[in-house]
Each structure stands twice: as C-alpha cells, then as structure tokens.
Amino acid sequence: MLLIQHPHLASLVKEPPLPPNNLLPGYLFLVQLLDIINKNPHITTGALIEYWRGQKEEEFVAKLAQGEHMVPEGGLENEFLGTMRQLTVLGLDEEINRLLAKAAQEGLSEAEKLELSGWITKKKSLYN
C-alpha cells in the first residue's frame, strides 16, 4: 500500500527484496511494481493505476491506492524499509530451509553448499 501511494519509496530499495526463486505470494507483483517505478521515477499513484487498467491486478492496485494506513508522513521511509527487511528475512529463511531439507534428504552439491552459505551470510548481515 505504501509503495502504491508513495512510489518514490522504491528508490530506497537497492536490490530485490527476496531471493529470485522465491514463491511467496505477491513476490512477482512486488518485483514488477518496483521495476515499473524505478524505470519511471516520477510516476504517480494515478499512473500506476492506469498501468494495470484492464489487467487482473487492476482491482488490487486500486484498493491499495485507496487504502488507509496509520503511518505518519515522517515515518513512511522507516516503515517501508522495515517491511522490506521483513520480506527479505522471510525469503532468505525459505531458501535456507529448502536447502537444509534437501541436505537432510539427499545431500547438497558443492554449488548448493555455497548457495546455502551465501543465504546464511546475507541473513546475518541484515542484523549487523
């Protein structure tokens, strides 16, 4: 909702919020929304609504645009960044758990071990 109502917040996201193979509901929409805004940094809420006119996301975007949030104007950036951090942790946890489950069942290749190590390192870095 914050991103639809305040598209300028997209400039605060320096990398995708989740691992690219994440299947979290809404992930593809979020990535697409960030991409649209980053390609059009001065885009407005109205233009975002128009972008999705006639598509399955149209009603969803309109509801987000009209929704009320309780975030004070001065706290928008912190609230948005906190939410993105939480989404990142969820995505990292999913990838770590996927690889740990595979390790327990059938073992991991060297590439998968490196991938697991990378996800764990990235998660640790979020708390430093």
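**Exercise 1. Which side chain does the side chain of Gln5 make a polar contact with, and at what distance?**

First, some ground rules: this is a predicted model, where local features need pLDDT of at least 70, side-chain atom pairs count only at pLDDT 80 or more, and totals for chains, interfaces and linings use all residues. Residues are numbered from 1 along each chain as its sequence is written, and side-chain values use heavy atoms, with hydrogens and water left out.

Step 1. Find Gln5 in helix α1, residues 2-5. Helices here are DSSP runs of H or I with at least four residues, strands are E runs of at least two, and both are numbered from the N terminus.

Step 2. Apply the cut-off: a polar contact is a pair of N or O atoms within 3.5 Å; within protein, one must be able to donate a hydrogen and the other to accept it, and residues adjacent in sequence count only if both atoms are side-chain atoms.

Step 3. The partner is the side chain of His69, at 3.3 Å. A polar atom of the Gln5 side chain also sits 2.9 Å from the backbone oxygen of Leu64.

**Exercise 2. Work out whether Gln5 is buried or exposed, and list what it touches.**

Step 1. Buried means under 20% relative accessible area, exposed over 50%, and partly exposed in between (1.4 Å probe, protein chains only). Gln5 comes out at 17%, so it counts as buried.

Step 2. Leave out residues up to four places away in sequence, and Gln5 touches Thr45, Leu64, Ala65, Gln66, Gly67 and His69. Contact means heavy atoms within 4.5 Å.

**Exercise 3. Find salt bridges that link helix α5 to helix α6.**

Step 1. Look for a side-chain nitrogen of Lys or Arg within 4 Å of a carboxyl oxygen of Asp or Glu, which is what a salt bridge means here. The whole structure has 10 of them.

Step 2. Take Glu115 and Arg98, whose side chains pair at 3.4 Å, N to O. Glu115 is in helix α6 (residues 110-126) and Arg98 in helix α5 (residues 76-105), so this bridge ties together parts 17 residues apart in sequence.

Step 3. Now try Glu112 and Lys102, bridged at 2.3 Å, N to O. Again the pair joins helix α6, with Glu112, to helix α5, with Lys102, here 10 residues apart. Glu112 counts as buried at 16%, while Lys102 is partly exposed at 23%.

**Exercise 4. Which residues are linked with Arg53 in a network of salt bridges?**

Step 1. Start with the Arg53 and Glu50 side chains, which meet at 2.4 Å, N to O.

Step 2. Add Glu58: Glu50, Arg53 and Glu58 form the network.
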